Amino acid sequence: MNVSVYYKLYKVVAFPRAFNLDSIVGNSVWTRTNSNLILEKMGALEWNKVVHGHQGWRLITCMWLHAGVIHLLANMLSLIFIGIRLEQQFGFVRVGIVYLLSGFGGSILSSLFIQRNISVGASGALFGLLGAMLSELLTNWTIYSNKIAALLTLVVIIAINLAVGILPHVDNFAHIGGFLAGFLLGFVILLRPQFGWYESQHLPADARVKSRHKAYQYVFLLVAAVLLIVGFTVGLVMLFRGVNGNDHCSWCHYLSCVPTSKWKCDN
């Protein structure tokens with residue numbers, strides 16, 4: 001595939017994130033107010049209700065809620081420009097699986113580290129699609145042209161979006177968790193045959209490319225599958241045991257908010 005689609009995609013994907021100064025695009029974190037109690041009743045992610053209220057379904061429902069119309073529109077705009085390209089290449093089933101599992105992974109990591117506020121938004125799932133695009137590029141390396149340029153473009157865009165997550169009221173743990181889940185899922189779900197395999201099927205048997213995939217693709221798939229299973233299992237066990245991730249990582253809170261003279265990160 002021509003790498004030009006990556007440049008067109010990432011220029012547009014980067015644009016909505018520029019408005020994230022008030023948690024417009026990212027998963028939003030809110031303290032309790034009368035208005036936000038509505039979101040909580042509708043299924044927002046809230047640690048106490050997930051763990052002690054046995055409402056694990058909130059790990060999924062929070063992906064479908066947003067903090068306002070602008071938040072919703074910005075997330076949907078990002079989804080259009082990321083999702084359409086992936087769906088055209090891999091189909092809605094595989095992309096849908098990546099989207100849902102990435103959002104679920106983002107909710108788990110968010111719940112482990114943010115336990116006093118509620119969180120809503122689909123950005124964990126969106127970051128999962130970005131992560132899947134990166135791993136898809138790596139595992140299907142042989143079929144792309146200008147791959148170094150595509151890789152650098154992807155890495156820069158992902159880094160910028162994650163950096164924006166250190167602003168207050170943005171749930172960067174959901175972003176990070178979604179990205180990691182999507183990155184690993186890309187190795188497992190978005191696998192493609194190696195370069196020349198399809199064309200060789202029309203050649204005589206002795207001239208065909210014998211293996212559909214390269215050895216490194218199988219290695220990536222196996223390692224990613226193991227890490228996914230272990231990550232989801234450990235994360236869920238820690239969550240429902242009431243573990244606070246900040247007790248085991250004293251500096252991790254800086255991944256979601258870095259205090260400055262302009263704002264504080266008390267919550």
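**Figure 1. C257, a buried cysteine, and its disulfide partner.** At 10% relative accessibility, C257 counts as buried. The model shown here is predicted. C257 is bonded to C265, with 2.0 Å from sulfur to sulfur. A disulfide is a covalent bond between the sulfur atoms of two cysteines. What is the hand of the link between C257 and C265? The torsion about its S-S bond is about -65°, so the disulfide is left-handed. C265 has a relative accessible area of 24%. Buried residues fall under 20%, so C265 is classed as partly exposed.

**Figure 2. The disulfide of C249 and C252.** The sulfur atoms of C249 and C252 lie 1.9 Å apart and form a disulfide. This link is right-handed, with 80° about the S-S bond. Are C249 and C252 buried or exposed? C249 has a relative accessible area of 12% and is buried. C252 is buried too, at 8% relative accessibility. A search of the whole structure finds two disulfides. Counting bonded cysteines along the chain, their pattern is 1-2, 3-4.

**Figure 3. The surroundings of A44.** A44 sits in the loop that runs between α2 (34-42) and β2 (45-46). Its relative accessible area is 0%, so A44 is buried. Which residues does A44 touch, leaving aside neighbours within four places in sequence? They are L39, R58, C62, L65, I118, S119 and V120. One of these contacts, C62, is itself buried, at 1% relative accessibility. Another of them, I118, is 74 residues away from A44 along the chain. In space, the C-alpha atoms of A44 and I118 are separated by 6.2 Å.

**Figure 4. Helix α8 and its buried face.** Helix α8 covers residues 147-164, 18 residues in total. From first C-alpha to last, α8 reaches 26 Å. That is close to the 26 Å expected at 1.5 Å a residue. Which residues of α8 are buried? They are A150, T153, L154, I157, I158, N161 and V164. Seen down the helix axis, the buried residues of α8 fall within an arc of 125°, so they line one face of the helix. The face turned away from this buried side carries the exposed residues I148 and L152.

**Figure 5. N146 and H169, in the loops on either side of α8.** N146 is found in the loop between α7 (123-139) and α8. N146 is not a glycine, yet its phi is positive, at about 50°. H169 lies in the loop between α8 and α9 (172-189). The phi of H169 is near 70°, again a positive value in a residue other than glycine. How much of H169 is accessible? Its relative accessible area is 43%, so H169 counts as partly exposed.

**Figure 6. Helix α9, mostly covered.** Helix α9 follows the loop that holds H169. α9 has 18 residues. Its reach, from the first C-alpha to the last, is 25 Å. This is close to the 26 Å expected at 1.5 Å a residue. How many residues of α9 are buried? The number is 15 of 18, and the helix is mostly covered.

**Figure 7. The N-terminal stretch and the confidence of the model.** The mean pLDDT of the chain is 83. Values of 70 or more are reached by 80% of its residues. Residues 1-25 have a pLDDT below 50. Beyond near neighbours in sequence, this stretch has 64 contacts in the model.

**Figure 8. The chain behind the close-ups.** The secondary structure comes to twelve helices and three strands. The chain has 267 residues, and 47% of them count as buried. How much surface does the chain expose? The figure is about 13,200 Å², with 69% of it supplied by carbon and sulfur atoms. Among contacts with a separation of 6 or more, 79% come from residues 24 or more positions apart. The pair A44 and I118, shown in Figure 3, is 74 residues apart along the chain.

Key: Residues are numbered from 1 along each chain as its sequence is written. This is a predicted model: local features need pLDDT of at least 70, side-chain atom pairs count only at pLDDT 80 or more; totals for chains, interfaces and linings use all residues. Side-chain values use heavy atoms; hydrogens and water are left out. pLDDT is the predictor's confidence in each residue, from 0 to 100. Contact means heavy atoms within 4.5 Å. A disulfide is a pair of cysteine sulfur atoms within 2.5 Å. Buried means under 20% relative accessible area, exposed over 50%, partly exposed in between (1.4 Å probe, protein chains only). Helices (H or I, at least four residues) and strands (E, at least two) are DSSP runs, numbered from the N terminus. Accessible areas come from the Shrake-Rupley method with a 1.4 Å probe; for residues, only the protein chains shown count as cover. The expected span of a helix is 1.5 Å times one less than its number of residues. The arc is that of the directions from the helix axis to the C-beta atoms.
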